[in-house]
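Student: I should like to take a close look at a single part of this model. Could you please guide me through it and set it in the context of the whole chain?

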Amino acid sequence: MSSSANITSMKKVVQQLRFEASINRVKVSQAAADLQQFCIQNAHQDPLLTGVSSSTNPFRTQKVCSFL
């Protein structure tokens, strides 16, 4: 590897590290609290918690229509 290619790759590494260092970080405890608050606020819309009404459930068992 030539020295100019090595310098170019090192400049890219330094640029990437500067970019990553400039990203604002959130503490894990704050992120967990925000996630918990979001889940509580949207619990009434969650079909896993509230269930799905049988009239709007696309996976319900189909009724068989039979003619006698």
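**A close look at serine 66**

Tutor: In this predicted model, serine 66 belongs to the segment that comes after helix 3 (47-50). Is serine 66 buried or exposed? Its relative accessibility is 56%, and a residue counts as exposed when that value is over 50%, so serine 66 is classed as exposed. Serine 66 may also be placed relative to lysine 27, which stands 39 residues apart from it along the chain. Between the C-alpha atoms of serine 66 and lysine 27 the separation is 62 Å.

Let us now turn to the whole chain. The protein chain contains 3 helices and 0 strands, and its pattern along the sequence reads α-α-α. Its radius of gyration is 27 Å, whereas the globule rule gives 11 Å for 68 residues; the chain is therefore more spread out than a compact globule. Along the principal axes, the C-alpha trace spans about 90 × 35 × 10 Å. Of the 68 residues in the protein chain, buried residues make up 0%. The area exposed by the protein chain is about 6900 Å², and carbon and sulfur atoms supply 61% of that area.

One further part of the surface deserves attention. Methionine 10 is located in helix 1, which covers residues 3-21. Together with Val13 and Leu17, Met10 forms a nonpolar patch on the surface. The accessible area of Met10, Val13 and Leu17 together is about 290 Å².

Definitions and conventions:
Residues are numbered from 1 along each chain as its sequence is written. This is a predicted model: local features need pLDDT of at least 70, side-chain atom pairs count only at pLDDT 80 or more; totals for chains, interfaces and linings use all residues. Side-chain values use heavy atoms; hydrogens and water are left out. Patches are made of residues with over 30% relative accessible area and no salt bridge: like charges are joined within 9 Å, nonpolar side chains (Val, Leu, Ile, Met, Phe, Trp, Tyr) within 5 Å. Accessible areas come from the Shrake-Rupley method with a 1.4 Å probe; for residues, only the protein chains shown count as cover. A salt bridge is a side-chain nitrogen of Lys or Arg within 4 Å of a carboxyl oxygen of Asp or Glu. Helices (H or I, at least four residues) and strands (E, at least two) are DSSP runs, numbered from the N terminus. The radius of gyration is taken over C-alpha atoms; the globule rule is 2.2 Å times the number of residues to the power 0.38. Buried means under 20% relative accessible area, exposed over 50%, partly exposed in between (1.4 Å probe, protein chains only).
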